[in-house]
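Student: I have a structure open and I'd like to learn how to read it piece by piece. Could you walk me through it?

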Amino acid sequence: MRADAQNTVEKIEKSLELLAQRLDVETAQFRLEEFNARVEDPNLWDNPEAAQKLMRERQTLVDAMQTYDGIKQELSDNIELIELGEMEEDAEVVADAEAALKALEEKAAQKELEALLDGEADGNDTFLEVNAGAGGTESCDWAAMLARMYVRWAEKKGYKVELQSESAGDEAGIKSATYKISGPNAYGWLKSESGVHRLVRISPFDSAAKRHTSFTSVWVYPVVDDNIDIEVNPADIRIDTYRSSGAGGQHVNTTDSAVRITHHPTGIVVTSSEKSQHQNRDIAMKALKSRLYQMELDRRNAAINEAHENKGDAGWGNQIRSYVLQPYQMVKDLRTNFETSDTKGVLDGDLDGFMAATLALDVSGKTRAEAQSG
């Protein structure tokens, strides 16, 4: 086997090792048998929510087992084809098998990254908040661009996106917006986006065509699972109603139906302004519980806590990523050094490379490639 093909095989085997650890292959079949026995319980659907949760967990295990077994079998098959082709001096068979291995390497690497989404809330839906920093119209326009970027990313993933609340900018863009994004591992993928995002460009609002720097902060926190009990003392909150200040058209409320909940012990403020007052109260309370749950996760996970605290204000020194549109084209993540010159693609939602690079960080803060070389 040629050296480059052998290198590809070794990379696939390393991905399989991680998948085996996450799956715990030695016990996976026993766990599946337990799931199957519980599914056959005639009383299972007496509690529909618990039944649905069980079915999702079972399907997740089945998918993981099939993925691991499939990659392992495909690797074995292509190694055998290469060996056979070399024995029979059939260059075409060898070339086809080597090409199949390269494709399998990419697939295994992607599944390896997905396996890293094993945090307590990684599988949950998520809330995503975008808040313009100092800078007036410039920052509000940048906040709207970022909000659009995340909506496009979520839509490409097939996720459901619901606007929870929005505050329009005075002249353009938005001051803030909150979205609920629903889909498999939505929080796990998006959690690395929390932080300050910096934009450098020639301002469309500056008649002198000068270069401007704008900042917008993003905060991502998981939607609380129905089975997670978060208690909120009614004495600790204040509920206010107000008239929505949307951008116009269907987003303008003619009654004071928007809801703002302030949690006094933590200073957390959540809002909802898209539906009826009753629905807004329910949405805002869920958002508050999710924020409180995120704080608990932060206390348990030092890495997440450090990242959250380092986010700071939306300004210099706290940014996680820079988007430079002039004088050159570049988007660079300051934590992983992952970068691309395809700024249009990024702003249209091509974020998987950045998210994957952050997921691949080890506990020392180095990328896996750096850790292996150093």
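Tutor: Sure, let's begin with an inventory. The protein chain has 11 helices and 11 strands. Keep in mind that this is a predicted model.

Student: How many residues does the protein chain have, and what percentage count as buried?

Tutor: The chain runs to 374 residues, and 42% of them count as buried. You can also look at sequence separation: among contacts between residues at least 6 apart in sequence, 63% join residues at least 24 apart.

Student: Which residues have the most contacts inside the largest nonpolar core?

Tutor: Leu-128 and Tyr-323 do, in a core of 83 residues. Helix α3, residues 48-87, gives the most to this core, with 10 residues. Click on Tyr-323 and leave aside its neighbours within four places in sequence: its contacts include Trp-142, Leu-146, Met-149, His-197, Val-331 and Leu-347.

Student: Let's stay with helices. How do I read the packing of α2 against α3?

Tutor: Look at the axes, then at the residues. The axes of α2 (residues 25-39) and α3 come within 10 Å and cross at roughly 145°, and the crossing is left-handed. An α-helix has 3.6 residues a turn, so residues three or four places apart point the same way. With that in mind, check the interface: Val-25, Ala-28, Leu-32, Phe-35 and Val-39 are among the α2 residues that meet α3. On the α3 side, the list includes Leu-54, Arg-58, Leu-61, Met-65 and Tyr-68.

Student: Which residues does the "coiled-coil region" annotation cover?

Tutor: According to the unreviewed UniProt entry, residues 2-29 and 87-114. You can set that record beside the model. Over residues 2-29 the chain is 93% helix and 0% strand, with the end C-alpha atoms 36 Å apart. Over residues 87-114 the figures are 89% helix and 0% strand, with 37 Å between the end C-alpha atoms.

Student: Why is helix α10 described as largely enclosed by the rest of the structure?

Tutor: Because 6 of its 8 residues, in the stretch 352-359, are buried. Those are Phe-354, Met-355, Ala-356, Ala-357, Thr-358 and Leu-359.

Student: Now a polar one. Is Gln-164 buried or exposed?

Tutor: Gln-164 is buried, with a relative accessible area of 5%. This residue lies in strand β2, residues 160-168. Not counting residues up to four places away in sequence, Gln-164 touches Phe-127, Thr-178, Tyr-179, Lys-180, Ser-272, Ser-273, Glu-274 and Ile-283.

Student: And sheets? In what order do the strands of the open sheet run?

Tutor: The order is β6-β7-β8, with antiparallel pairing. Strands β6 (237-242) and β8 (268-272) are the edges, each pairing on one side only. The twist averages 15° from one strand to the next. Strand β7, residues 258-263, pairs with β8 over 5 bridges; Arg-260 has Thr-271 in β8 as its bridge partner.

Student: What backbone oddities should I look for?

Tutor: Most residues other than glycine have a negative phi, and most peptide bonds are trans. Here, a cis peptide bond joins Gln-326 and Pro-327, with omega about 10°. Pro-327 sits in the loop between β9 and β10. Asp-24 has a positive phi of about 60°, and its place is the loop between α1 and α2. Glu-89 also has a positive phi, near 55°, in the loop between α3 and α4.

Student: Is Glu-89 exposed or buried?

Tutor: Glu-89 is exposed, at 73% relative accessible area, whereas Asp-24 is partly exposed at 35%.

Definitions and conventions: Residues numbered from 1 in each chain as written. Predicted model: local features only at pLDDT ≥ 70, side-chain atom pairs only at ≥ 80, totals over all residues. Heavy atoms only, no water. Buried < 20%, exposed > 50% of the residue type's maximum accessible area, 1.4 Å probe, protein only. Helix = DSSP H or I, 4+ residues; strand = E, 2+ residues; numbered from the N terminus. Core = buried A, V, L, I, M, F, W, Y, C linked by side-chain atoms within 4.5 Å. Contact = heavy atoms within 4.5 Å. UniProt positions renumbered as here; feature names shortened; annotations may be inferred. Pairing = 2+ DSSP bridges. Axes fitted to C-alpha atoms, helices over the stretch in contact; angles between N-to-C directions. Left-handed = near helix turned anticlockwise from the far one by under 90°.
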